[in-house]
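Welcome, and please have your viewer ready. We will go through a few selections one by one, with a short note on what each of them shows.

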Number of protein chains: 2
Amino acid sequence: MPLRKITSLRSVLQLRDRRLNTAVYPMPFTRVEVATLTVIEGSLHVLLALRAEDPHAGQWALPGGVLRIDRDASLEAAARRVMGERLGLEGLALRQLVATGGPSRDPRASWTLSVVYRSLVPAQSVSASPGKRIKDLRWYPVDDLKEPAPLAFDHARLVELAVEDVRAAVDQLELPFDFLPATFTLGELQLSCEQLLGHALDKSSFRRRLADRDLVEPVPGSMRGGAFRPAQVYRRKSAT
Amino acid sequence: MPLRKITSLRSVLQLRDRRLNTAVYPMPFTRVEVATLTVIEGSLHVLLALRAEDPHAGQWALPGGVLRIDRDASLEAAARRVMGERLGLEGLALRQLVATGGPSRDPRASWTLSVVYRSLVPAQSVSASPGKRIKDLRWYPVDDLKEPAPLAFDHARLVELAVEDVRAAVDQLELPFDFLPATFTLGELQLSCEQLLGHALDKSSFRRRLADRDLVEPVPGSMRGGAFRPAQVYRRKSAT
DNA sequence: TCAAAAGTGTTGCTTGTACACCCATGT
DNA sequence: ACATGGGTGTACAAGCAACACTTTTGA
């Protein structure tokens, strides 16, 4: 798309020209990266992309993209756009983890800044389509990330941060309603939390904590019967 | 310094040229801002700068500066440099609060990104010297920031974040040893925490919590006598 | 009637608050 | 002696983990 290239280039020159009389500072190559987590077969996984091009070509890394100041209204919007382009996901909850930057992180630019977000999605909802500069896109279990060879850049640490953040949130019973189905039984909810945390929870404590916090409410007549005693179906109780 | 200008300009062109064959993206105008907190006369204050130039000229804002990719080895280093230049402070603990960005935050550029840090310093240590583009530099109490007229940009929210962050840390007994003198009595320590938090603490609870966590240790023979019963002097117990 | 999951109650630990009480010192 | 801050002990409440227990269903 040559048109976009031209407008982008013009913006660079504009910025340069406008500030030329006062002071000219080169700006960092700015990206957003997204650590996307999900639960597969009972354990936490993170979505990784196999890099096709040369900063760390052939290594796995968090999917991300360049900040587009001509299109993104905010950093979060940039992350959201990247999620949409790369994963076909719209309107999910994103949380900023950290911004990190320095020289020699990426040979394409002399100084790179990355703003890192995390999100939690149902695994099925991802329409993984390896696109430009990505050879492959896969879920990896967070608990042994050494296996697919070390991650590119400092992304191993970023994945750790994302996992800690999610687990801290679930520990505080900040339930990931974007990740959960609209309705669920308490057993299903507890199982989800256990899978996110990586350890078992006590049923009684879990239910009392839920009740104390007024987080969910029963859906009146609705029950869900598996093979055995049917369970009350719950839904998120909207905060007022 | 015309030499610096030339090298900076060259960097811009380098970046442009090197990426010209693949894609050219204009990058955001990138700054770091620092919310510097201290205790004055028993209550939390934040250091604000009176802006001389036009984005919000005449309004108070957090001191900050442009990221200099030719000089800063990391975002935190940039914040540290700004602290040094603006406040004459070296080597203090900084914590990243958030990165925020968008168009139309600053008329000088079409898109601005700010990475925000907070620090906690002893008020006396600041050699406040209003410098370039700053008319005045003053401490304002965080509890009524409406007084000096609304803060520039979204800095009121950033100050709130900094205050919440500091208070959360003190609540967890993450003691701000950079802020405290090297040795102190438990009474002094408790008073500092109370001033940071903005409310009183129970003496007995406070001491038991300190003891449980093994955070401080008595300096063997050392006592400090005010007008009345002398108190044991403590120091930080280095984590092992 | 039994397995399996739903759902409830009871105990006790841990953490922190509230508050009372002694201790040491200068005036 | 007493006022003042240093320092300690006890009682109580909240939050939560551990665990035992009852209930309801399909097979």
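Start by selecting A:Arg31, which you will find in strand 1 (residues 29–40) of chain A. Keep in mind as you look around that this is a predicted model. Is A:Arg31 buried or exposed? Its relative accessible area is 11%, so A:Arg31 is buried. To see what is around it, show the residues in contact with A:Arg31 beyond its neighbours within four places in sequence: A:Gly64, A:Gly65, A:Val66 and A:Leu67, then A:Arg108, and finally A:Thr112, A:Leu113, A:Ser114 and A:Val115.

Next, select DNA strand C and the 19 residues around it. Those that come nearest are A:Lys203, A:Ser204, B:Arg208, B:Ala227 and B:Arg229. Colour the surface near the strand by residue class and you should get 8 charged, 6 nonpolar and 5 polar residues. On the DNA side, 48% of the strand C atoms within 4 Å of the protein are part of sugar or phosphate, while the rest belong to bases.

Now zoom in on single atom pairs. At A:Ser204, a polar side-chain atom sits 2.4 Å from a base oxygen of DNA strand C. Moving to chain B, look for the side chain of B:Asp202, where an N or O atom is 3.4 Å from a base nitrogen of the strand. At B:Ala227 the partner is a polar backbone atom, 2.7 Å from a sugar or linking oxygen of DNA strand C.

Finally, zoom out to the elements. Two or more residues of this surface come from each of helix 5 (203–213) and strand 10 (231–236) of chain A, and helix 5 (203–213) of chain B. Which element gives the most? That is helix 5 of chain B, with 5 residues.

How values were computed. Residues are numbered from 1 along each chain as its sequence is written. Chains are lettered from A and ligands numbered from 1 in the order in which they are written. This is a predicted model: local features need pLDDT of at least 70, side-chain atom pairs count only at pLDDT 80 or more; totals for chains, interfaces and linings use all residues. Side-chain values use heavy atoms; hydrogens and water are left out. A residue is near a molecule or strand if one of its heavy atoms lies within 4 Å of it. A polar contact is a pair of N or O atoms within 3.5 Å; within protein, one must be able to donate a hydrogen and the other to accept it, and residues adjacent in sequence count only if both atoms are side-chain atoms. Helices (H or I, at least four residues) and strands (E, at least two) are DSSP runs, numbered from the N terminus. Ala, Val, Leu, Ile, Met, Phe, Trp, Tyr, Cys and Pro count as nonpolar, Asp, Glu, Lys and Arg as charged, and the others, Gly among them, as polar. Buried means under 20% relative accessible area, exposed over 50%, partly exposed in between (1.4 Å probe, protein chains only). Contact means heavy atoms within 4.5 Å.
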